[in-house]
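Visitor: I've got a new structure up on my screen and I'd like to talk it through. Can you take a few questions?

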Amino acid sequence: MKQPIRLKDNGQINVVLHTKNEQKQPKTRENRPHSWPNSAEHIVLKSIERELEGLIGLEEMKKMIREIYAWIFINRKREASGLKSGKQVLHMMFKGNPGTGKTTAARMIGKLFHEMKVLSKGHLIEAERADLVGEYIGHTAQKTRDLIKKAMGGILFIDEAYSLGRGGEKDFGKEAIDTLVKHMEDKQNDFILILAGYPREMNHFFTLNPGLESRFPFIFDFPDYRPEQLMEIAEIMAKEKEYQFSSEAKIKLREHFTHKTNKTSAPFSNGRYVRNIIEKAMRAHAVRVLAENEYNYTELMTIRGEDLSFS
């Protein structure tokens, strides 16, 4: 009976011996490892992994991007071996409240898909209802086609997409939807369409347009951030601007985020809310340091509890 062989990290072959009484563990889906090979062939993957580390949460999206990378890589190997290669539709839908990273994720996907050679340019064209809907018959279709043309080789990101379906059958928003659907089919491998908006409104939007949702094979929920994630975002934002929080400020921030996420009645803008707090704290910090006349390195970069206010 042949002994199984394994390849060591240094490239040498290692024969693995099994005793008669040793039972092999079956390679099920649950216990099969999914470690990425460390090879010069996967230099793009290393870049992708670094980018994904910057995304807070969004584990399903990270998993999807890794799956697409693996699919593209293996598809090229299949093609080189004379096997059939194919293409996949990559249009997406993002459902989430403001400040949950939808636009940031769309921009990152464009960049990563460009590195993976899925998109020729990888740029992001942002649009809303006013950019698509015209004032007279035929105007909407032309405006929509122009935007799609600008997005070729990249991503067309339409925020608050549900607004296109608010006016009923006679509204020009329906013309925009029809034009988008046609180009999603005709040019499905030349650009990626991402529709985004509030979860409830997006769900209602697709009940008004039967068959539209099925054209988006990737649907991602962008949940509100948890307190610990908001804290992580705050520290990243502060670090980017070369600030740091004192221990007291960290405690104050964490308590506030816990309180804020527990309030379900008031609207909450997630990452945008954090950014507003940081910028407000930076201004308060500047006033305090100026008044104290202390300009040493530590004071110039440390946001203290007294610099934070949440009104």
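Visitor: Is Arg107 buried, partly exposed or exposed, and at what relative accessibility?

Guide: Bear in mind that this is a predicted model. Buried means under 20% relative accessible area and exposed means over 50%, with partly exposed in between. Arg107 therefore counts as partly exposed, with a relative accessibility of 43%.

Visitor: Which residue forms a salt bridge with Arg107?

Guide: The closest N and O atoms of the pair are 3.1 Å apart. The pair links distant parts of the chain, with Arg107 in helix α3 and its partner in strand β4 (residues 124–127), 19 residues apart. That partner counts as partly exposed at 46% relative accessibility. The residue is Glu126.

Visitor: While we're at α3, what distance does the helix reach from its first C-alpha to its last?

Guide: Helix α3 covers residues 102–115, which makes 14 residues. At 1.5 Å a residue, 20 Å would be expected, and the helix comes close to that. Its reach is 20 Å.

Visitor: And which residue just after α3 takes a positive phi?

Guide: Most residues other than glycine have a negative phi, so a positive one is worth a look. Here the angle is about 65°. The residue is Lys117.

Visitor: What about Asn270, is that residue buried or exposed?

Guide: Asn270 sits in the loop between α9 (247–262) and α10 (271–292). Its phi is positive too, near 55°. Since buried means under 20% relative accessible area, the 0% of Asn270 makes this residue buried.

Visitor: Leu58 has a positive phi near 55° as well. What is its relative accessible area?

Guide: Leu58 is placed in the loop between α1 (43–53) and α2 (59–80). The cut-off for buried is under 20%. Leu58 counts as buried because its relative accessible area is 14%.

Visitor: Why are Lys62 and Glu59 separated by about one helical turn?

Guide: These two form a salt bridge, with the closest N and O atoms 3.5 Å apart. Lys62 is buried at 9% relative accessible area, whereas Glu59 counts as exposed at 53%. An α-helix has 3.6 residues a turn, so residues three or four places apart point the same way. Lys62 and Glu59 are about one turn apart because their spacing in helix α2 is three residues.

Visitor: Which residue meets Glu235 in a salt bridge?

Guide: The N to O distance in this bridge is 3.6 Å. Glu235 lies in helix α8 (residues 227–240) and its partner in helix α9, so the pair ties together parts that are 15 residues apart in sequence. The partner is partly exposed, with a relative accessible area of 30%. It's Lys250.

Visitor: How many salt bridges does the structure hold?

Guide: Some of the charged residues are linked in a network of salt bridges: Arg288, Glu292, Glu299, Arg304 and Asp307. For the structure, the count is eleven.

Visitor: Last one: which residues form the nonpolar patch on the surface with about 330 Å² of accessible area together?

Guide: One of them lies in helix α11 (residues 297–301). That leucine is partly exposed, with a relative accessible area of 43%. The patch is made of Leu290, Tyr295 and Leu300.

Technical notes: Residues are numbered from 1 along each chain as its sequence is written. This is a predicted model: local features need pLDDT of at least 70, side-chain atom pairs count only at pLDDT 80 or more; totals for chains, interfaces and linings use all residues. Side-chain values use heavy atoms; hydrogens and water are left out. Helices (H or I, at least four residues) and strands (E, at least two) are DSSP runs, numbered from the N terminus. The expected span of a helix is 1.5 Å times one less than its number of residues. Patches are made of residues with over 30% relative accessible area and no salt bridge: like charges are joined within 9 Å, nonpolar side chains (Val, Leu, Ile, Met, Phe, Trp, Tyr) within 5 Å. Accessible areas come from the Shrake-Rupley method with a 1.4 Å probe; for residues, only the protein chains shown count as cover. A salt bridge is a side-chain nitrogen of Lys or Arg within 4 Å of a carboxyl oxygen of Asp or Glu. Buried means under 20% relative accessible area, exposed over 50%, partly exposed in between (1.4 Å probe, protein chains only).
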